[in-house]
Amino acid sequence: MKESIKSPNYLGHLSKDIPAGLVVFFVALPLCLGISLASGAPLMSGLVTGIVAGVLVSWLSGSQLAVSGPAAGLTVIVLNGIETLGSFEAFLLAVVIAGFLQLILGFLKAGVIGLYFPSSVIKGMLAAIGLILILKQIPHFLGADDDFFGEMQFFQPDGRTTFSELGHAFSSIQLGAMIIGIISLAIILLWDNPKIKSIKILSFIPGALVAIIFAIVINALFSGFAPELTVTSSHLVSIPILGSFNDLSTELRFLDLGALSNPSLYIVAFTIAIVASLETLLSIEAIDKLDPHKRRSNTNRELKAQGVGNMVAGLLGGLPMTAVIVRGSTNVASGAQTRVSSFVHGVFLALSVFLLAGLMNRIPLSALAAVLLVVGFKLTKPALYKSQLKLGHEQFIPFIVTILAILFTDLLIGICVGLAVGIFYILKANYKSPYFFHKEEHKDKEIIRIRLSEHVSFLNKASIILTLDHLPQNSHVIIDGENSEYIDYDVLEAIQEFKQTAHERNIKVDLVNISNVEVMELH
């Protein structure tokens, strides 16, 4: 569970981490704002969470490459929580309590739960996120989507679905936004060319930054020379412009301790803690799979970091946070090496609030959509599907079911469906291999030797019972546990029950290195 044998050289990776952090910042900025709007929360609350996640949680995190912030998957919980508790200020108290609960989960070492998600399901989640990014960003890329930039659910706030939105987008293209999107995408793809990367100066500049600068310049040219192509304000980034710290204090909200007497507060807090922890553990497991260095994140440390982050965010008027797969995968795709990139993204978020709001508000969303289209493709490359197919249907079916379930519902529901299918195949695999079955023919009767495997768990119970039930009459059965280091009590009980009743079928039973356990009888 350790991240690495030795601490990484943070200063030695600045040339990769700073540009990666800058790219993550451009993606995170509209996501923070969009999730605030979708959650029915003040606009600044999402930015507060993004800043806390970057500046503070990045250093407490158990992962080098994960990036935290407000999550689209929590929007419904936030929206319902504010409505249930009657005010955003009361909801902030629930966020603080949820953070405290996550801190406790970390100390209880609940992070181990993340290790129980099958690899096929995690890979399916990554592929699904990639597909959703592509499908969701095409309307923004064309300048024809009024939903918030970070929404990921199949059923959208405007009543459309992911697929019907595509049809609407192609019939409502904003030409200026599409031109900017195409040019931005071309720049990003061109910048990935090895010839460009071989130029030392250019290798330090992220393609996404170049694309966004060009996007701002092109839209300014449209405004001066072709007003009909100018990207409208609804398709630009929109940050509140603060003239002073007094303006900031009027934008922020602070928690209401009076809500402590409301029983619903604790239900909302518990819901946030559990859902946010699950989403974090899933994201951490997925980012570890993308990490080129294959480092294992400390998930218990991550839960503690998320707990501290949510407590601080709640105290400062922010939304609940999780480790977010979109930000994390963008981070990895941009070449990040250490947690410095996440910290850099948090610093830029803070600067955007205090110093750069005017400039940020000129960025067309279609340029940011181009960044996410590239990230989405990297997550759901055809090669991934081919490699999963080669592994056999036990891996491919949970993989593809997870993709479809996430695509047509949301992240957590889709993961649960994929997990259920994955567990089915795990049970099936355990059902097949708990023992070695050998049959010998002798004059008097058939001798059957059942040699148990090294580890026999309760998952093997059904297979062993069915085998014993179908043994032929008048046979001699030897059940050999000599090679077994562990045999589950349920299996031992099933073997003893078989031995007690075997004489009824004229079966002789010999047990070798099988512990004797009491079998309940009713008289």
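A residue counts as buried when its relative accessible area is under 20%. Keep that cut-off in mind for this predicted model, where two helices and one asparagine get a closer look.

Take helix α1 to begin with. By that cut-off, 19 of its 25 residues are buried, so the helix is mostly covered. There's a kink of about 25 degrees at A28, and the proline P30 comes shortly after it. Past the end of α1 sits G40, with a positive phi near 70 degrees.

Helix α2 has a bend of its own: a kink of about 35 degrees, centred on G54. And how enclosed is α2 by the rest of the structure? Largely, because 13 of its 18 residues are buried.

Here is how the lengths of these helices work out at 1.5 Å a residue:

| Helix | Residues | Expected span | Distance between end C-alpha atoms |
|---|---|---|---|
| α1 | 14-38 (25 residues) | 36 Å | 35 Å |
| α2 | 43-60 (18 residues) | 26 Å | 26 Å |

For α1 the two values agree, and for α2 they agree too.

Now over to N310, which is part of helix α13, residues 299-316. Is N310 buried or exposed? Its relative accessibility is 0%, so N310 counts as buried. As for what its side chain reaches, that's the backbone nitrogen of M321, at 2.7 Å. M321 also turns up among the residues N310 touches, along with L319 and P320. Leaving aside residues up to four places away in sequence, the other contacts of N310 are V95, V96, G99 and Q102.

Terms used. Residues are numbered from 1 along each chain as its sequence is written. This is a predicted model: local features need pLDDT of at least 70, side-chain atom pairs count only at pLDDT 80 or more; totals for chains, interfaces and linings use all residues. Side-chain values use heavy atoms; hydrogens and water are left out. Helices (H or I, at least four residues) and strands (E, at least two) are DSSP runs, numbered from the N terminus. The expected span of a helix is 1.5 Å times one less than its number of residues. The bend at a residue is the angle between axes fitted to the seven residues ending there and the seven starting there. Buried means under 20% relative accessible area, exposed over 50%, partly exposed in between (1.4 Å probe, protein chains only). A polar contact is a pair of N or O atoms within 3.5 Å; within protein, one must be able to donate a hydrogen and the other to accept it, and residues adjacent in sequence count only if both atoms are side-chain atoms. Contact means heavy atoms within 4.5 Å.
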